[in-house]
There are 2 protein chains.
Amino acid sequence: MPTTTFFRLPEEKRDRLMDACWTELTTVRFADISINRIIATAHIPRGSFYQYFEDKEDLIHFLLEDMREYFVSLLRDILVEARGDLFALPAMAYDHFIGHHGYTDPMLTLFIKIMTLNKGMDLQSFMGGSKHFLPDQLWEVIDTSRLRRQNREYANQVFHLTCAVLAFAVVETLQDPAQVSQVRELTKIRTDLLRYGGAADGYEEEHT
Amino acid sequence: MPTTTFFRLPEEKRDRLMDACWTELTTVRFADISINRIIATAHIPRGSFYQYFEDKEDLIHFLLEDMREYFVSLLRDILVEARGDLFALPAMAYDHFIGHHGYTDPMLTLFIKIMTLNKGMDLQSFMGGSKHFLPDQLWEVIDTSRLRRQNREYANQVFHLTCAVLAFAVVETLQDPAQVSQVRELTKIRTDLLRYGGAADGYEEEHT
DNA sequence: GTCGTAAAATGACAGACTGTCACAAATTAT
DNA sequence: ATAATTTGTGACAGTCTGTCATTTTACGAC
């Protein structure tokens, strides 16, 4: 967490610094992030930076947390549009990512750049910032009647796997942007897997 | 990939170097791996190291690939024991990881250390080293009659999600080692989700 | 307006790290 | 024995990070 000093900073200076941070974060991989470059770009003296942030990790954590919050609210919108159907999330969110709707969301663009640079960046720990994996904001809009069990923990599990499916799709597309339609097909298969199960019908009876 | 020179190295020297590498890899996080420390531990001059490996990434890649191969063969053994039931994999593999059987597998110990240090290290890209996510070795021993569809691509998807469930379990246990039994329960729920689907029965009819 | 105290700014610095390169040593071929 | 090739080596240039003693600014009390 940044220092209180950071939040007391004059707006212009803080913006200058944050711009430089986001540029750095969306230009090089996590491992290569350089505070040297950031302070050079932002024209902020070295000592000042360390008055605002504890260290590099502190900075990165702060930026990603910001992004996570945005991301969750985006998923919430999508979920509302899907009438609370958790299983519809991967396909719809994927289309958002790919820019299916023509316009490009600035924050999402940053997110995708970061994912591209840090291939397979771990959505698990990205979302895991919150205590529960399934944030309150999303739990509120889930239609639990569509789920086999209606408790939050079960929804949490479904959401977990749902996120994994979304992550697979994003990563695959980044690795080969030409295969959008193929990835879309895979996502449908995976989603059906989550919905209806992957076991052959003959074996389904074991379950009671 | 290491240089041919590396493979021509006298065994004693190569072992000394590799030992130091594994020690480093299982002691600090990826980001903090220091070639300085490695060469100091192994008593290998700086210049020599760079005659064997292109750079730090080259080294890490080589070590992890080694581990991946071991890991795949372990999963194969488990899958055989499970009579090819892909859905049984997470629970069984998890018990192996936790050391349910009392003995500890040296390579697995290293693997767990690495996972602990790099919380949520991406199994996706770890396994993704191979062209197909589902390696031939595993495909050979899968009982496809248990799957809704029998083609390899479908098995690949199931395996993908299966790995995700395993990864969840491992990460959760590392975060809080006390909760083994709880994680085991979660793993069962997740596996059932993959087997039979998470949709409420009423909605299942949509599927044809 | 001046003095004093607390907050903020600053850049020089120590310590660490990486990858390179010119040259020495050893090994192999002729 | 000599030449050619491969391997070994450590000094070095260039970066980087986080700290800290010191200066500058902000601000309230008198």
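From the N terminus onward, chain A of this predicted model runs α-α-α-α-α-α-α-α-α-α-α-α, a series that amounts to twelve helices and zero strands. The C-alpha trace of chain A spans about 70 × 40 × 30 Å along its principal axes, and 29% of the 208 residues of the chain count as buried. When the contacts in chain A between residues at least 6 apart in sequence are considered, 65% of them join residues at least 24 apart.

**Domains of chain A**

The domain assignment divides chain A into domain 1, covering residues 4-54, and domain 2, covering residues 64-199. On the side of domain 1 of chain A that touches domain 2 of chain A, the residues comprise four nonpolar, one polar and one charged. The contact between these two domains of chain A involves six residues of domain 1 and five residues of domain 2, while their C-alpha centres lie 30 Å apart.

**The pairing of chains A and B**

Chain B is superposed on chain A by a rotation of 180° with 0.0 Å of shift along the axis, at an RMSD of 0.1 Å, and this is therefore the relation of a two-fold axis. The same surface serves both copies, in that 100% of the contact residues of chain B recur in chain A. Among the residues of chain B, B:Gly197 comes closest to the rotation axis, with its C-alpha at 1.8 Å.

Chain A and chain B each contribute 31 residues to the contact between them. On the side of chain B that touches chain A, at least two residues are supplied by each of helix H8 (123-127), helix H10 (152-175), helix H11 (180-196) and helix H12 (201-204) of chain B. The largest share of that side comes from H10(B), which gives seven residues. By class, the residues of the side of chain B that touches chain A divide into 15 nonpolar, nine polar and seven charged.

**The surface near DNA strand C**

DNA strand C is surrounded by 16 residues, the closest of which come from both protein chains: A:Pro45, A:Gly47, B:Asn36, B:Tyr50 and B:Asp55. The elements that give two or more residues to this surface are helix H1 (4-8) and helix H4 (46-52) of chain A, together with helix H3 (35-42) and helix H4 (46-52) of chain B. Of the elements at this surface, H4(A) gives the most, with four residues. The residues near DNA strand C divide into three nonpolar, seven polar and six charged.

The composition of the three surfaces described above is set out below.

| Surface | Nonpolar | Polar | Charged |
|---|---|---|---|
| Side of domain 1 of chain A that touches domain 2 of chain A | four residues | one residue | one residue |
| Side of chain B that touches chain A | 15 residues | nine residues | seven residues |
| Surface near DNA strand C | three residues | seven residues | six residues |

**Two loop residues with positive phi**

A:His43, a residue other than glycine, has a positive phi, near 55°. This residue lies in the loop between helix H3 (35-42) and H4 of chain A. A:His43 is exposed, because 10 other C-beta atoms lie within 10 Å, where a residue counts as exposed at 12 or fewer.

In chain B, the phi of B:Arg83 is likewise positive, near 55°, in a residue other than glycine. B:Arg83 is found in the loop between helix H5 (56-81) and helix H6 (89-98) of chain B, and with 10 other C-beta atoms within 10 Å it is exposed.

Terms used. Residues numbered from 1 in each chain as written. Chains lettered and ligands numbered in written order. Predicted model: local features only at pLDDT ≥ 70, side-chain atom pairs only at ≥ 80, totals over all residues. Near = placed C-beta within 6 Å. Nonpolar A, V, L, I, M, F, W, Y, C, P; charged D, E, K, R; others polar. Buried ≥ 20, exposed ≤ 12 C-beta atoms within 10 Å, placed from the backbone. Contact = placed C-beta atoms within 7 Å. Domains from an automatic or database assignment. Least-squares fit on C-alpha atoms with pLDDT ≥ 70 in both.
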